[in-house]
Every structure is written in structure tokens, then in C-alpha cells.
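These are my notes from one sitting with the model, entered in the order in which I looked things up.

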Amino acid sequence: MTIVKWKDGERRLNKRLFGGGLNNFSETYIDFGHDYEKVEDYSRDLDLRTAVSTVSYAYNGVKYSREYFVSYPDKAIVIHLSASGEGNLGFTLRPTIPYKQEYMVEKGDRYSKCGRVVACDDQTITLSGNLGYNNVDFAAKYKVVNSGGAVTFSNGTDAQGNKDNGTVTVSGANSAYIVITLSTNFELSSTVYTESEPEKKLKNTKTNALETAESELASALLYTYPQLRERHVADYESLFGRVDVDFGGTVPLVTTDVLLSNYKSGKYDTYLDELYFQFGRYLLISSSRKGSVPPNLQGTWNRYNLAPWGSGYWHNINIQMNYSHAFSTNLAETFGAYIDFWRAFLPKAEQYATSALLGEKYESNLGLDLPYNEEASKKYLKNIGKDGGNGWTIGIGSQLFDISTFPGCGNVGFTTQMFWDYYDYTRDTKVLGDVVYPALKGASLYITKTFEKEKDGTYLSIWGDSPEQHVDGVWYYTKGTTYDQSFAYSNGYNTLKAAEILGIKSSDRGESVLATVKEQLPSYDPIAVGYSGQVKEFREENYYGDLGEYAHRHVSQLVGLYPGNIINSETPAWIDAAKYTLSQREKGSAGDEWGWSIAHRQSLWARVGDGNEAYRQYRKLLTKRTLTNLWAKTPAGFQIDGNFGGAAGVSEMLLQSHSGYIEPLAALPDEWSSGSYSGLVARGNFELGARWENGKATLFSIKSKSGGTCRLKYSGLEGALVEKSDGTAVSFTSVAENVISFDTCAGETYIVRNFKVADKIDAPSEFCIEKTGRHKYRFSWKRSADAVKYNIYKAVENDSTYTLVGETAEAIYTHQQDVGEQNKRVTYCICAVSDSGVRSDRILAYVNP
């Protein structure tokens with residue numbers, strides 16, 4: 001095990017954050033000269049259905065209104081302004097360049113931002129400048145189009161006598177609109193990441209920022225304002241309009257800030273539950289489209305000189321949370337921005353994989369001096385070049401202009417999980433072959449080289465961490481962390497699955513890594529259970545909390561539960577261990593300071609099937625970590641992964657598909673007792689809708705977009721009616737308890753209804769274990785009112801499933817351990833069984849050696 005301390009970290013971190021090349025482009029003002037104290041009936045809103053923002057108010061008897069939108073098809077910001085009556089609109093358009101100065105991060109680190117704003121007589125303003133550190137040219141064009149009235153322009157001068165501070169003034173108009181286009185000379189290319197000198201990273205760019213802004217302005221001006229608005233809304237609605245949710249909320253009569261304030265004071269409104277979910281979808285559509293860069297920690301919204309954490313791409317959970325709802329909420333196209341980003345940084349990621357295996361210094365981008373582990377490096381060297389390459393890896397802190405590396409393999413596995421999910425939800429075999437399999441295979445090339453075989457046959461990662469976890473105040477590194485083991489397993493499994501689908505064999509040229517993965521995979525031992533009944537974070541821990549911060553914001557030992565699927569309904573003993581881990585992570589406030597951490601726990605609770613606890617986390621996110629504009633926050637300020645994670649958590653509560661079947665309403669909370677949704681997506685490319693009343697489903701609709709077999713799970717499905725959209729009955733097979741299977745045709749919609757939902761049975765309580773002799777125990781518990789009998793089960797050591805020990809009609813049972821249980825850690829559980837065979841939730845107790 002190894003610890004690492006900060007050393008000279010703050011200076012290097014500040015440099016990295018500015019080096020991200022992200023800074024506020026412009027503060028653009030529209031001056032009306034209105035006395036705000038005399039304004040009446042002021043209203044400002046954002047319509048999530050159209051992505052159009054509106055402002056309206058009355059002043060001196062005149063009604064003023066504005067509309068704002070950002071058009072993806074026309075690459076323009078558009079603002080429409082109007083006033084009631086004739087000739088009552090007047091304003092001055094005044095763009096500025098914020099932080100335009102030479103400033104010091106500290107002595108010896110000098111950066112600059114320069115530029116000018118010049119107005120012309122054609123009713124345009126040109127803003128242009130340069131951000132010095134990475135030599136980023138930026139430019140914007142503003143065009144004012146007026147209806148009636150007069151237009152004038154003016155310019156000031158800068159210190160050198162050049163034109164600057166340009167403005168355009170409109171007076172006596174009926175209406176006007178402003179079109180703004182913006183560009184930089186940034187291009188996603190491998191040079192951005194492989195070039196070490198910041199000022200040379202854009203040396204191969206072919207983009208001229210000003211020419212691009214001018215060209216895009218000319219294209220946008222081919223359309224009238226109504227046409228620009230129509231084109232924007234049509235494009236946006238084609239994505240946003242795919243999904244609808246209804247939890248019984250009604251549009252409130254108060255503003256959003258009051259709605260949130262009321263929610264925080266205990267006046268809960270399910271409309272806000274719906275709104276926050278859809279807001280997360282809006283934010284992703286607005287920050288991640290083909291041709292853009294991926295959303296960073298602030299999405300695409302930053303008004304600061306130095307953004308919190310440099311508006312970076314953190315690869316130990318944060319960038320993955322940014323896309324955590326993309327596939328399930330029917331926005332798979334948005335992931336294209338990350339694919340392009342990955343393709344650009346891949347050559348550098350491959351260099352980092354080789355340098356890591358060679359034992360060279362890690363580049364953390366976090367201001368951390370990472371320790372050199374000589375023993376680990378010697379082991380890595382044995383595997384250099386094996387299977388024809390070293391693959392690729394990624395560290396924690398990366399920015400738009402620079403990626404990083406880090407000990408361990410969890411981050412690269414976390415990243416490839418997104419790629420596999422893209423395929424698994426869309427079933428796009430072309431993307432599987434062109435993008436997903438190369439990403440998985442490359443990660444496998446690296447991961448398999450960072451593991452070694454132990455004496456007991458287990459393969460463990462040689463050196464890694466559990467993200468940001470500390471022991472005695474310092475970062476902790478060790479062998480075989482659950483974070484590394486789980487993602488190595490998931491990546492390996494998905495690699496083999498992808499190869500099978502594509503017909504690729506290990507004997508094919510360049511594919512020998514598949515044989516290595518196949519050899520190692522069964523021995524990764526991804527989940528270990530400790531004496532507390534917890535999923536271990538570190539293999540050397542015994543009880544929960546032995547190592548690391550007790551209530552740490554990360555819950556990295558449960559990545560096999562979410563976003564992975566190692567822990568699922570087929571591994572009930574691990575589900576119970578995950579529940580215990582989550583319950584302990586709650587015992588403290590550390591995680592509650594971070595919006596994304598609460599949202600992550602929301603999804604984890606949903607995955608273990610506890611809708612009420614998942615909803616408690618969602619409510620906590622809204623009450624504790626949400627700003628008045630509904631942005632999620634952390635101690636450093638706004639951070640968008642909380643918004644995205646909250647939306648993902650809602651989706652997980654309403655629909656799950658990671659266990660080999662589709663499970664609608666998998667973690668439905670009591671607070672959403674009646675409602676509906678449509679348009680959510682399950683793995684296999686099935687689009688789902690559901691209706692429910694009093695907590696029980698009344699109808700499911702399933703659109704098969706790729707064909708194939710649909711396996712559906714819900715209570716009472718065995719007696720359900722399945723029909724095509726035209727009413728034709730569809731035959732199905734019951735393949736497991738509450739699971740049916742039927743074949744589908746691409747493009748067809750199937751309706752499932754008339755199923756009888758079984759009543760739940762209360763679980764027993766107060767489970768006690770008393771030792772009465774050598775390896776002999778007396779079990780006792782408090783009865784369940786509806787039980788006719790009780791089943792007793794056991795799971796020994798790291799068993800993922802339970803084995804039946806016995807059954808009894810009494811609330812007492814004597815158990816003599818067999819040889820397989822003796823002197824080992826054993827989890828015992830009891831569930832009540834009703835006369836109709838329905839089983840209750842499990843209650844647990846433990847025996848440790």
C-alpha cells in the first residue's frame with residue numbers, strides 16, 4: 001500500500017486549470033435605460049419544451065418582451081426584442097470581453113487575454129481576441145436587424161488608440177432581433193494532446209475564428225426570425241420531445257425559486273420532481289451535440305476567469321455521470337461529442353499506457369506528486385508489448401487541452417462502460433465495430449498488463465486506488481481495490497461479448513488479447529464481502545470503515561452495482577452487502593456536500609430496488625444541493641454532474657434493464673403512487689412506456705426498435721395479455737418467476753396489460769443469532785403477520801447467492817453449521833412466505849470467525 005501527499009500542488013493546479021483554455025467568452029449587455037424600480041409585471045422563464053427563454057415586463061405603460069434561444073442547426077444565438085405600440089423599442093447593444101488583461105496566477109506564470117470590440121455601419125459588431133496560454137483565437141459577430149426606427153453605432157479607443165468598446169444603438173423601433181455567431185480556432189485533433197507546449201497545441205488548426213463567425217452569420221441571416229425560431233424548435237423538440245413523465249404534479253402558480261424554497265421547507269411538490277428530471281435532459285441536449293466538445297464539470301456554462309476545477313473532465317466518476325442518463329432517457333446521439341473527444345485524445349492515452357507500464361512518472365493534472373512504485377513498475381515491465389500493444393488509459397483530472405494518467409485501471413474501465421452502454425442501448429453494430437470494440441479492446445490491452453496472478457489463482461491489479469479515498473488524511477494506494485477489480489471484470493466481459501457479436505476470434509490476427517482476457521476474467525474476484533456484511537472497498541479491510549473516510553463522497557466499491565451490472569438481482573447476497581455499504585456511507589455529511597454524490601447514491605439505491613430510499617436521496621439533492629435556477633452545486637459552486645446524475649437516478653427508479661431483462665417501475669417510491677411515463681429506453685433498444693395507479697402498474701407499452709427477444713419482469717406477468725399495436729395477441733413464455741419472454745419485430749409496439757399484481761408481505765424483524773454450542777446457533781425473530789412459514793438462507797464468505805438452510809412455521813430455528821460454514825464469515829437471512837408463495841424482503845444477521 002502507498003500513500004501520497006500534496007506537494008507544491010496549488011501552484012501547478014492553478015496552472016492546469018487555466019491551461020484548460022476555458023474562460024468566459026463575452027459579457028454582452030443590452031442597455032434599455034429603464035429604471036428597474038419602476039418596472040411592473042416582470043417575468044422571466046425558460047420553456048423546457050422549446051428551449052426558448054422569455055422576458056416580459058411593463059414600463060411607463062409599454063409592454064416589453066424578449067426571446068432568447070441558441071440554435072444548433074444555425075449555430076447562432078438569437079435574441080428577439082419587441083415593444084407594444086409604435087416606435088417604443090430602443091436599446092444599446094454593448095458586448096464586452098471579460099478578464100481582458102495580463103494577469104498573474106503567481107510569479108513566473110504569466111498569461112494574457114486580449115481583444116477588441118469594434119462596431120461598423122452595417123449594424124454589426126465584431127468581437128475578437130486571443131487567450132494566450134494555448135494561443136486560442138476567438139471571435140464573434142453581432143448583427144442587429146430592426147423593424148422601424150433608426151440604428152447608429154459608435155466606437156471608443158483602447159490604450160494604443162485602436163477602435164474598441166463598440167456599440168450599436170437602436171431607437172424608435174417596433175421590434176428587432178440580434179443574431180450572434182461565435183467561433184475559436186480550436187479543433188479536436190491528436191496534436192492538441194500529444195503536443196506538450198501549450199502555445200503549439202493549435203499549430204495545425206485550419207479554422208480561422210473570425211472567418212468562421214462571419215460565414216455562420218451570413219448563413220443564419222438567410223432566414224427570418226420566425227424561420228430561425230422554427231428551425232431551432234424543430235431540432236430541439238426532436239430530442240427533448242421523446243420522453244414524458246407524469247408523477248401527478250400540476251404546473252404551479254409560483255415562480256421556480258419559490259417552488260424550490262417551498263420544497264426545501266417541506267412543502268413537497270411532485271411537479272418539481274418532474275421538472276428537475278426534464279431539466280437534466282435539457283442541459284445535456286444544450287451542452288453535448290455532434291461537433292461540440294463534451295460537457296465539462298460546468299457543462300458549457302462558465303462566467304469565471306478560473307472556473308471551478310478548471311471546467312475539467314474528471315474520469316473517476318464525473319464525466320461518466322454527465323452521460324449517465326443519455327441512453328436511458330433517449331438521448332444517445334449526445335454521446336457523439338465524447339466519442340470525438342476520445343478519438344482525439346486516444347494517441348496520447350496510448351502513450352500514457354506505455355509510459356505507465358514503463359514506470360515513468362504519472363501526470364495527474366491535480367497538483368499531486370504521485371509516488372513511484374518500483375515494485376509495481378518491475379511487474380509492469382514483464383508485460384510490455386504483450387498481445388501486440390499496450391492499449392490506452394486515462395487518469396482523473398483532464399481538461400480540454402490536456403489529459404492525464406493515474407495509477408490503476410478503474411478510470412479506463414469506468415470510461416469504456418459508457419461505450420458499451422452506447423451499444424447495449426442502441427444495438428448499433430456499426431458503432432460497435434468502429435468505436436466500441438476498439439475502445440474495449442484497447443482498454444483490455446492495458447488492463448491485463450496491470451494485473452498479476454496471486455498464489456490462490458486470483459488476478460489482482462498490481463497498484464491502484466479507490467477514487468479520492470484517504471487514510472489518515474493522505475491518498476491511499478494498494479493492490480486489488482474493488483474499483484479496479486470491478487471495472488476490469490466489466491471491461492473484460494464486455495470485450496469478449498463485443499468480439500462474439502462481431503465474429504472476432506482470439507486466433508484472428510491482432511486479437512490475441514482476447515485469449516488473455518478469457519484466461520484472467522474468471523479470476524478477477526471483483527466483489528469481496530467483509531465482516532460487517534459490507535462490500536469491501538479494499539481487500540485488506542475487515543470491517544466497514546477500517547480504512548478510508550467512513551462517509552466518503554465516492555462509493556467506488558459499488559461500481560459493480562452501478563453503473564456496472566456485476567451486482568444484480570441474480571446475486572442477492574451481494575445486493576444485501578451493497579445495501580449495508582450504502583447505509584453506512586450515509587452516516588456522515590461528507591457526501592451530502594456534493595450534489596453529484598447524492599445523485600450517485602440515488603441511482604445506487606434504485607439498483608438495489610429501494611425506491612423510497614432512492615427518492616429520499618433525490619429529495620435531498622433538491623433540498624440541499626440545488627441552486628435557485630435548479631443547477632446542482634458542490635462546495636466549489638455549480639457542478640452539472642449533479643443535475644445529470646439526478647435525471648439518471650429518476651430513470652433508474654422508473655426503468656432498469658441491466659439484469660438480462662426489462663424491469664419497468666423497478667424502484668417506484670411511495671411518493672409517486674400514480675403516474676405514467678413514455679419514451680424511456682431499455683437495453684436492447686426497446687422504448688418503454690408505463691402507467692400505474694396506487695403503486696401498481698396497469699399498462700406497459702414496448703416499442704421494439706431493433707427487433708429481437710423481449711424479456712420483461714413485473715409481478716403477475718404470467719397471466720398478462722400481450723398484444724401488438726393492432727390488437728393481435730402475442731404468445732409469450734414464462735421463463736422465471738415474474739419474467740416473460742416474447743419475440744419482437746423491429747418497429748412494432750407491444751402492449752402488456754391485464755396482469756394481477758400480487759400483494760406484498762411484510763418482512764420479519766429483530767433477527768437475533770445466539771451461539772448455543774460448537775458451530776451450533778439458535779435463530780429467532782419477530783413474526784410477520786401474513787407469513788405461513790419462514791425460509792432461512794446462508795451465504796458463505798463472498799458467495800453472491802444464498803443457499804436454502806431450512807424452513808419453519810415458527811419464529812425460531814436451530815442451526816448446526818456444516819463443514820463449509822465453520823470458521824468462516826457467514827451471512828444468514830430470513831424471509832417470510834405467504835400462503836400464495838410471495839416472499840418478503842430479507843432480514844440479515846452475521847456470524848464471523
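**Entry 1: a three-stranded sheet.** I worked on a predicted model throughout. I began with an open sheet of three strands, whose order is β34-β35-β38 and whose pairing is antiparallel. I noted β34 (765-773) and β38 (812-816) as the edge strands, each of which pairs on one side only. For the twist I recorded that neighbouring strands of this sheet are turned by 20° against each other on average, direction ignored. I then looked up the pairing of β34 with β35 (residues 776-782), which is antiparallel and runs over six bridges. In that pairing I found S765 bridged to K782 of β35.

**Entry 2: cysteines.** How many disulfides does the model hold? My count came to zero disulfides. I checked C768, which is in no disulfide, and found the nearest cysteine sulfur, that of C829, 16 Å away. The residue C768 is partly exposed, because its relative accessibility of 44% falls between the 20% and 50% limits. I also looked up C409, which is buried at a relative accessible area of 1%.

**Entry 3: strands around β13.** I turned next to β13 (residues 163-173), which pairs with β7 (residues 89-96) in the antiparallel sense over four bridges. On the β7 side, I found L93 opposite V168 of β13. I then followed β12 (residues 150-157), which runs antiparallel to β13 and is joined to it by seven bridges. Here F153 has V168 in β13 as its bridge partner. I therefore entered V168 twice, as the residue opposite L93 and as the bridge partner of F153; strands of a sheet pair through backbone hydrogen bonds, either parallel or antiparallel. I noted that β12 and β13 form a hairpin with five residues between them. In the turn of this hairpin, G161 has a positive phi of about 85°.

**Entry 4: helix α11.** Where does α11 bend? I located a bend of about 40° at V436 in this helix, which spans residues 429-447. A proline, P438, follows within four residues of the bend. I looked at the start of α11 as well, where a side-chain oxygen of D428 reaches to within 3.0 Å of the backbone nitrogen of K430. Is α11 largely enclosed or largely open? I recorded it as largely enclosed by the rest of the structure, because 14 of its 19 residues are buried.

**Entry 5: N316.** I placed N316 in the loop between β16 (313-314) and α7 (318-322). Is N316 buried or exposed? I found a relative accessibility of 1% for N316, so this residue counts as buried. Its side chain makes a polar contact with the side chain of E468, at 2.9 Å. Leaving aside residues up to four places away in sequence, I listed the residues that N316 touches: I396, N411, F414, P467, E468, Y483 and H554.

**Entry 6: S196.** My last look-up was S196, in the loop between α2 (190-194) and α3 (209-220). Its relative accessible area is 60%, so I entered S196 as exposed. I also recorded its separation from D402: the two residues are 206 apart in sequence, whereas their C-alpha atoms are 8.8 Å apart in space.

How values were computed. Residues numbered from 1 in each chain as written. Predicted model: local features only at pLDDT ≥ 70, side-chain atom pairs only at ≥ 80, totals over all residues. Heavy atoms only, no water. Pairing = 2+ DSSP bridges. Helix = DSSP H or I, 4+ residues; strand = E, 2+ residues; numbered from the N terminus. Axes fitted to C-alpha atoms, helices over the stretch in contact; angles between N-to-C directions. Bend = angle between axes of the 7 residues up to and from the residue. Buried < 20%, exposed > 50% of the residue type's maximum accessible area, 1.4 Å probe, protein only. Polar contact = N/O pair within 3.5 Å; in protein donor to acceptor, adjacent residues only side chain to side chain. Disulfide = S-S within 2.5 Å. Contact = heavy atoms within 4.5 Å.
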